[in-house]
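Colleague: Could you take a close look at one part for me, the nonpolar patch on the surface, and then follow the chain inwards from there? Please spell out your cut-offs as you go.

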Amino acid sequence: MRRQTRTIAIFIGLMCLVRFSLGAVGYVAPGFLMLELGALPDENLQMPYVVRVWAIRDMVITVLVVIATPATIVPLLIGCIVIDSVDILTAVLSGQSGAYTASETISLTMTATLALIPETIALVLILRNRRLSTIRQV
């Protein structure tokens, strides 16, 4: 994230804030996060473990993005976009299979979308800035 424009840093910061804060809550209190997202822990006995695994993944990804250099930020953002897209698809497919109710599916989909939007905007802005700087050098 180092040496990015203020706008890009804001979008990356929003993504990191969403990703890390949800991850921290999910790791410390997986049952609470599940309730907040509409998934009942009593009906999903294995889910606190899964939530903690997801939480660790998101906290590590956030740290990697925060310490990223200009050379590594693009692949990391692409990885984040892929992860969040798969999370959205998984939530939708789980809802369609009956594993989650419609409200649970929407809740799970929205949490991934909250990270997907700013990271996608940041990636587009970074790529646009790189293209513009390449054009200026020519």
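Modeller: Sure. The nonpolar patch on the surface is formed by Phe-20, Tyr-27, Val-28, Ile-56, Val-60, Val-63, Leu-64, Val-66 and Ile-67, which together have about 780 Å² of accessible area. Two elements give it two or more residues each, α1 (6–28) and α3 (47–66), and α3 gives the most, with 5 residues.

On terms: a patch takes residues with over 30% relative accessible area and no salt bridge, joining nonpolar side chains (Val, Leu, Ile, Met, Phe, Trp, Tyr) within 5 Å and like charges within 9 Å. Areas are Shrake-Rupley with a 1.4 Å probe, and for residues only the protein chains shown count as cover. Helices are DSSP runs (H or I, at least four residues), numbered from the N terminus.

This is a predicted model, so local features need pLDDT of at least 70 and side-chain atom pairs count only at pLDDT 80 or more, while totals for chains, interfaces and linings use all residues. Residues are numbered from 1 along each chain as its sequence is written, and side-chain values use heavy atoms, with hydrogens and water left out.

Phe-20 sits in helix α1 and counts as partly exposed because its relative accessibility is 35%; buried means under 20%, exposed over 50%, and partly exposed in between.

Arg-19 is also in helix α1, but it is buried, with a relative accessible area of 1%. Its side chain meets that of Asp-58 in a salt bridge (3.0 Å, N to O), where a salt bridge is a side-chain nitrogen of Lys or Arg within 4 Å of a carboxyl oxygen of Asp or Glu. That pair links distant parts of the chain, as Asp-58 belongs to helix α3, 39 residues apart from Arg-19. Asp-58 counts as buried at 4% relative accessibility.

Arg-19 also forms a salt bridge with Asp-84 (2.4 Å, N to O). Here the partners are 65 residues apart, with Asp-84 in helix α4 (residues 70–97). Asp-84 is buried too, at a relative accessible area of 2%.

Asp-58 has another partner in Arg-57, with their closest N and O atoms 3.0 Å apart. Arg-57, at 27% relative accessibility, counts as partly exposed. Put together, Arg-19, Arg-57, Asp-58, Asp-84, Asp-87 and Glu-119 are linked in a network of salt bridges, and the whole structure has 5 salt bridges.

Technical notes: Buried < 20%, exposed > 50% of the residue type's maximum accessible area, 1.4 Å probe, protein only.
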